[in-house]
Amino acid sequence: MNNLEMNKTQETIYSSNNPLKYWLYVLKHSLDFKTRLPRKEFWMFYLGNIIVFIILISLLTLVLYIFKVTDYTQLVAIYSTFVIVWRIVLLLPALSLQTRRFHDLN
C-alpha cells in the first residue's frame, strides 16, 4: 500500500468514531513501528479491545452454558486459557501501538 492510499485510509478511519474500525485498523498495521499515532487512535483501539473481549467472553459463557460445564475448576481453567491466548494474540499489536504512541510523544 503506497503513502497516498494509506493517508486516504487514515482519513476515513479518523473521521469515524467507531472503536471497532480503529481496532481492526491497528490489527492490520500491527507490524508498523515507525509512524506516529494520535491519541484518539490509541484510546479507541483499547475501547474496541474491551468491546471485542466482552463479546467473546459472552459467547464463551453461552457455549459453556449450552454444554452444561458447571465444575468450578474447569470454568477457571477455560477462562484462564482464553485470557492467556487473547493476550498473546494481541501482544504484537499492543507493542506496536505503544511504540507508535511514544513516537508521537517524542
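# Burial, salt bridges and core in a predicted five-helix model

Modeller: In this predicted model, Arg100 counts as buried, with a relative accessibility of 1%.

Biologist: Why is Arg100 called buried?

Modeller: Buried means under 20% relative accessible area. Arg100 has 1%, so the residue falls under that cut-off.

Biologist: What makes Asp32 buried or exposed?

Modeller: The relative accessible area of Asp32 is 16%. The cut-off for burial is under 20%, and Asp32 is therefore buried.

Biologist: Why is the pair of Arg100 and Asp32 called a salt bridge?

Modeller: The definition asks for a side-chain nitrogen of Lys or Arg within 4 Å of a carboxyl oxygen of Asp or Glu. Between the side chains of Arg100 and Asp32 the distance is 3.4 Å, N to O, so the pair satisfies the definition. Arg100 belongs to helix H5 (residues 91-105) and Asp32 to the loop between H2 and H3, so this salt bridge ties together parts 68 residues apart in sequence.

Biologist: How do you know that Arg100 also forms a salt bridge with Glu41?

Modeller: The closest N and O atoms of Arg100 and Glu41 are 3.2 Å apart; the limit is 4 Å, so this pair is a salt bridge as well. Arg100 in helix H5 and Glu41 in helix H3 are 59 residues apart, and the pair links distant parts of the chain. Both Arg100 and Glu41 are buried.

Biologist: What makes Asp32, Glu41 and Arg100 one network?

Modeller: They are joined by salt bridges that share partners. Arg100 pairs with Asp32 and with Glu41. The structure holds two salt bridges.

Biologist: Which residues make up the largest nonpolar core?

Modeller: There are nine: Trp23, Val26, Leu37, Phe42, Phe45, Val52, Trp86, Leu90 and Leu97. Helix H2 (19-28) and helix H3 (39-66) are the elements giving two or more residues to this core, and H3 provides the largest share, three residues.

Biologist: Which residues does Leu97 touch, beyond those up to four places away in sequence?

Modeller: Leu97 touches Val26, Leu37, Phe42, Phe45 and Tyr46.

Biologist: What is the secondary structure of the protein as a whole?

Modeller: It comprises five helices and zero strands, following the pattern α-α-α-α-α along the sequence. Of contacts between residues at least 6 apart in sequence, 70% join residues at least 24 apart.

Biologist: How much of the protein is buried, and what is its accessible surface?

Modeller: Of the 106 residues, 28% are buried. The accessible surface is about 7,500 Å², and 69% of this belongs to carbon and sulfur atoms.

Note on methods: Residues numbered from 1 in each chain as written. Predicted model: local features only at pLDDT ≥ 70, side-chain atom pairs only at ≥ 80, totals over all residues. Heavy atoms only, no water. Helix = DSSP H or I, 4+ residues; strand = E, 2+ residues; numbered from the N terminus. Buried < 20%, exposed > 50% of the residue type's maximum accessible area, 1.4 Å probe, protein only. Contact = heavy atoms within 4.5 Å. Areas by Shrake-Rupley, 256 points an atom, 1.4 Å probe, with all protein chains shown as cover. Core = buried A, V, L, I, M, F, W, Y, C linked by side-chain atoms within 4.5 Å.
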